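The exercises below train the reading of a protein model, step by step. Please attempt each task before turning to its solution.

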Amino acid sequence: MGAHVVLGYNPQLLPGFTVIGIVLGGVYALAAVGLVLIYRVSGVLNFAHGAVAMFATFTAYEVSTVKGAPGWVGALVAIVTGAALGFAIEWLTIRPLHGRPALVKVVVTIGWLLVLQTAAGLIWGSTSYHQAVRLVSKNGFHLVGTDVTVGYDQLTTVVVALVFALAVAALLRYTTLGNAMRAVADNPDTARLWGISVNRVTAASWMVGSAMAAVAGVLITPLIAFDTFSLTVVVIYAFTAALIGRLSSLPMTVVGGFLLGLAQTYPRVFSSLSGTADLVTFALVLLTLGVLFRPGGRKVRVV
Amino acid sequence: MSTKARRITLLVVAVVAVGWPAMLSDFSRSLATDGLIFGLIVLSLVLLTGFVGQISFCQYSFAAVGAFTVGSLVAAHHWSFWLAMPLGVFGAALVGALVGIPALRLSGLFLTILTVAVALFFDRFVLAPGTWNSFSGGLSSWVVGRPSFLGIHLDTSYRFYLFVLGVFSLCSLGVWNFRRGKTGRVLRAIRDAEIAASTLGINLTAWKLAAFAASAGLAGLAGALLAVSIGSVSTGGYDLIHSLGVAAVATVMGVGSVASAAAGGLFLVWGPEILRHIGVSSQWFNLITGGLLIVQLIVTPDGMVTDFQRKLKHLLGHRAARQAPASAAEVDVRERVPVRTGARS
């Protein structure tokens, strides 16, 4: 038994794969922006990000697919669940660890990952595949000049992802809360001297970031296998996109998301191996860690 | 603990470890055996995290290198276990050293991302059916028989248990000795003050890579033993969730002490079994582990076993007991990219 690699190169697949890659990339970008927001404000690499997205998405599944409510109601439930989980993680387990090394907080989020992953498996079944929550119909339109069909759901995914990413950028730039978040990200002690409630701002960043994870989870389920594990590991894709933005620059993170989405999709033109996406992800993680995180490397502007 | 008290404790532990399983059923004995093998994986984290301050979420990927090397060579190419096992351990150590290379520049936070990426890479690419079937076995699993050791066939559960107990004891002794000797001092120096250590002429690169290789080699050995213990090697048991689970258990028990390796291993095996016994799905195990991890990090930062040992030492009146090394996470790892300083422009 050898590897079943399809060596034939089929250029006709390329436009269709570009669409898929961009859609996936939009979702990764959205999840990654939430991750970077949490990291910048609280200094925690949130490994439970994907698990939060997964759990929230399953509540949407419960409301919309099982109980039969409209898709947007499910999405709202997911957003509320995501924000609540983000708040719970910050308030119950990150805040008491104030002053402890960053690595401790990272390990705590691993604990949450295990808890949420197992809980979802117990409630909804860990191995079976579930029917995705659909926000819009699967119908689509032909892209002018090509024979590529773009689904309305795919278009919605990219638009929603971009709108949310832009909304966060606007939040950070034009609102008082956003200013406070940036202040805390830069220096929590100085922020506290200026009268900013660091705890409240940190909790807010966890809520906003986790809500974005929830939206990303709902959007990605029609694209990937909808089970507890597949959504939980989306955190690694989000991290990869975030690493391309050096965990600080939001525009570069969005670019990183699209780059990863396309990089995961294009190799499928050449190879039918199921794990190619993860090979590419791994290579990108190595590359970004090796190149962008050089000691004394160039600093990238924040937001 | 005084030397005498320590000797008595060790003797009691040895007698119980050898004698008690003789009275158990075959099934319980094989559980105890697997517990010791999982204990080796926890031990590999004790070596890496407790002594060097690096954390890894991909120990099961290293174990997989050992297990699948043994599986493929013994099952498909009819190698002897005694030839395949060292090769598997060496392969795992090599992979560990490769993972350690980025760690040279990336201590701490960002290494965690890398190790999760490594686990996922093994889980979903290297071991996925179709990628490298002559290694992973594709959709089927490798069937491996028990080897003989010095002319004694390790086919009964008690013989195999004793063999694994011997291996575990040797490895624990090795790690414990490391900690006491020059090696341990060097590794602790690197953990506690990297720059100061390098000014003393310690070759950081070599030591860190060696620590990674040794840790991965231990995990690889555990994988090789697991292959012959279970009798088959299949991809299901070496995924990311297992790696995260063992890291969680190691942290809960305390990565500072060798004793927590045995405790962690037995917990990993008996935990699901006890749950099944009281009529709860063993699926709950990971939830409990995760919950324990969260509570433990907030309440007893050093880990439960380490904490217990310290209390025991106090109880025995040995106040000058050396402070046990801090837990995984408590080890202050200096970031190359500052997390919260105002240095960004």
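Some notes on conventions come first, followed by the exercises with worked solutions.

The model is predicted; local features need pLDDT of at least 70, side-chain atom pairs count only at pLDDT 80 or more, and totals for chains, interfaces and linings use all residues. Residues are numbered from 1 along each chain as its sequence is written, while chains are lettered from A and ligands numbered from 1 in the order in which they are written.

**Exercise 1. The contact between the chains**

Determine how many residues each chain gives to the contact, and which helices of chain A supply at least two residues of its side.

Solution. Step one is the criterion: two residues are in contact if their C-beta atoms, placed from the backbone, lie within 7 Å. By this rule, 49 residues of chain A and 51 residues of chain B take part. Step two turns to the helices, which are DSSP runs (H or I, at least four residues) numbered from the N terminus. On the side of chain A that touches chain B, at least two residues each come from helix H4 (102-124), helix H10 (234-244) and helix H12 (276-291) of chain A. H4(A) has the largest share of that side, with 17 residues. Step three sorts by class: Ala, Val, Leu, Ile, Met, Phe, Trp, Tyr, Cys and Pro count as nonpolar, Asp, Glu, Lys and Arg as charged, and the others, Gly among them, as polar. The side of chain A that touches chain B then has 33 nonpolar, 13 polar and three charged residues.

**Exercise 2. Buried or exposed?**

Classify Leu247(A), Leu155(A), Phe27(B) and His78(B) as buried, partly exposed or exposed.

Solution. Begin with the cut-offs: a residue is buried if 20 or more other C-beta atoms, placed from the backbone, lie within 10 Å of its own, exposed if 12 or fewer, and partly exposed in between.

- Leu247(A) is buried because 25 other C-beta atoms lie within 10 Å. Its place is the loop between H10 and helix H11 (250-265) of chain A.
- Leu155(A), in helix H5 (residues 152-174) of chain A, has 15 other C-beta atoms within 10 Å and is therefore partly exposed. Its C-alpha atom is 9.2 Å from that of Val19(A), although the two are 136 residues apart in sequence.
- Phe27(B), in helix H2 (residues 26-52) of chain B, has 10 other C-beta atoms within 10 Å, so Phe27(B) is exposed. Its C-alpha atom is 8.4 Å from that of Ser157(B), 130 residues away along the chain.
- His78(B) has 7 C-beta neighbours inside 10 Å and so counts as exposed. His78(B) lies in the loop between helix H3 (59-77) and H4 of chain B.

Two of these residues also deserve a look at the backbone. Most residues other than glycine have a negative phi. Leu247(A), however, has a positive phi of about 55°, and phi of His78(B) is likewise positive, near 55°.

**Exercise 3. A covered helix and the core**

State how many residues of H10(A) are buried, and which helix gives the most to the largest nonpolar core.

Solution. In H10(A), 11 of its 11 residues are buried; among them are Val234(A) and Ala238(A). Next, a nonpolar core is a set of buried Ala, Val, Leu, Ile, Met, Phe, Trp, Tyr and Cys residues joined through C-beta atoms within 7 Å. The largest one has 215 residues, and those with the most contacts inside it include Ala31(A), Ala238(A) and Val42(B). Helix H1 (residues 13-42) of chain A gives the most to this core, 16 residues. Finally, leaving out residues up to four places away in sequence, Ala31(A) touches residues including Val234(A) and Ala238(A).

**Exercise 4. Two helix pairs**

Describe how H2(B) packs against helix H11 (residues 240-253) of chain B, and how H3(B) packs against H4(B).

Solution. Axes are lines fitted to C-alpha atoms, for helices over the stretch in contact, and angles run from 0 to 180 degrees between N-to-C directions. Angles under 35 degrees count as roughly parallel, over 145 as roughly antiparallel, 65 to 115 as roughly perpendicular and the rest as oblique.

1. H2(B) and H11(B) meet at an angle of about 65°, with their axes 9 Å apart; they are therefore roughly perpendicular. Their contact has nine nonpolar, one polar and no charged residues.
2. H3(B) and H4(B) meet at about 150°, with axes 8 Å apart, and are therefore roughly antiparallel. Their contact has 12 nonpolar, five polar and no charged residues.
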